Amino acid sequence: MEKITELLPHLLMGLCIIAFWLIIRGILKSISNKVNNNDLYKEDMLNVLEEIRNELKELNKNNLIK
């Protein structure tokens, strides 16, 4: 029983370190996901803007021909 009480502080410290690591890891994962989603959103927005630009160019060409 004395050996268990001697090891208890070390075990609790180890558990605290593991819990802290899991919390930090979760936070970093969520930040990473937000950054990746933001990049995807920017790419999608650029594609939409390019399509609009191309359509406007086409409309301008058609109006100039008429």
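Start with the surface: the protein chain exposes about 6,700 Å², and carbon and sulfur atoms supply 66% of that area. Keep in mind that what you're looking at is a predicted model.

So what is the chain built from? Its secondary structure comes down to 1 helix and 0 strands. Helix 1 covers residues 2-65, and E50 is one of the residues in it. L49 sits in helix 1 as well, and N63 is found there too.

Now for the overall dimensions. Measured out along its principal axes, the C-alpha trace spans about 95 × 10 × 5 Å. The radius of gyration tells a matching story: a compact globule of 66 residues would come in near 11 Å, but this protein chain has 29 Å. You can also pick two residues and look at the gap between them. N63 and M13 are 50 residues apart along the chain, and their C-alpha atoms are separated by 75 Å.

What share of the 66 residues is buried? The answer is 0%. Buried here means under 20% relative accessible area, while exposed means over 50% and partly exposed is whatever falls in between. Try that scale on a few residues from the helix. N63 has a relative accessible area of 55%, so it counts as exposed. L49 comes in at 47%, which makes it partly exposed. E50, right after it in number, is at 40% relative accessibility and therefore also counts as partly exposed.

L49 and E50 are handy guides to the surface patches, too. L49 belongs to a nonpolar patch, along with Y41, M45, L46, V48, I52, L56 and L59. Together, the residues of this patch have about 760 Å² of accessible area. E50, on the other hand, is part of a patch of negative charge on the surface, where it gathers with E51, E55 and E58.

How does charge look across the whole chain? There are 9 positive and 9 negative side chains. The centres of those two sets lie 4 Å apart.

To put the picture back together: this is a chain with 1 helix and 0 strands, with buried residues making up 0% of its 66 residues. On its surface you'll find a nonpolar patch that includes L49 and a negative patch that includes E50.

Notes:
Residues are numbered from 1 along each chain as its sequence is written. This is a predicted model: local features need pLDDT of at least 70, side-chain atom pairs count only at pLDDT 80 or more; totals for chains, interfaces and linings use all residues. Side-chain values use heavy atoms; hydrogens and water are left out. Patches are made of residues with over 30% relative accessible area and no salt bridge: like charges are joined within 9 Å, nonpolar side chains (Val, Leu, Ile, Met, Phe, Trp, Tyr) within 5 Å. Accessible areas come from the Shrake-Rupley method with a 1.4 Å probe; for residues, only the protein chains shown count as cover. A salt bridge is a side-chain nitrogen of Lys or Arg within 4 Å of a carboxyl oxygen of Asp or Glu. Lys and Arg count as positive and Asp and Glu as negative; His and the chain ends are not counted. The place of a charge is taken as NZ of Lys, CZ of Arg, CG of Asp or CD of Glu. Helices (H or I, at least four residues) and strands (E, at least two) are DSSP runs, numbered from the N terminus. Buried means under 20% relative accessible area, exposed over 50%, partly exposed in between (1.4 Å probe, protein chains only). The radius of gyration is taken over C-alpha atoms; the globule rule is 2.2 Å times the number of residues to the power 0.38.
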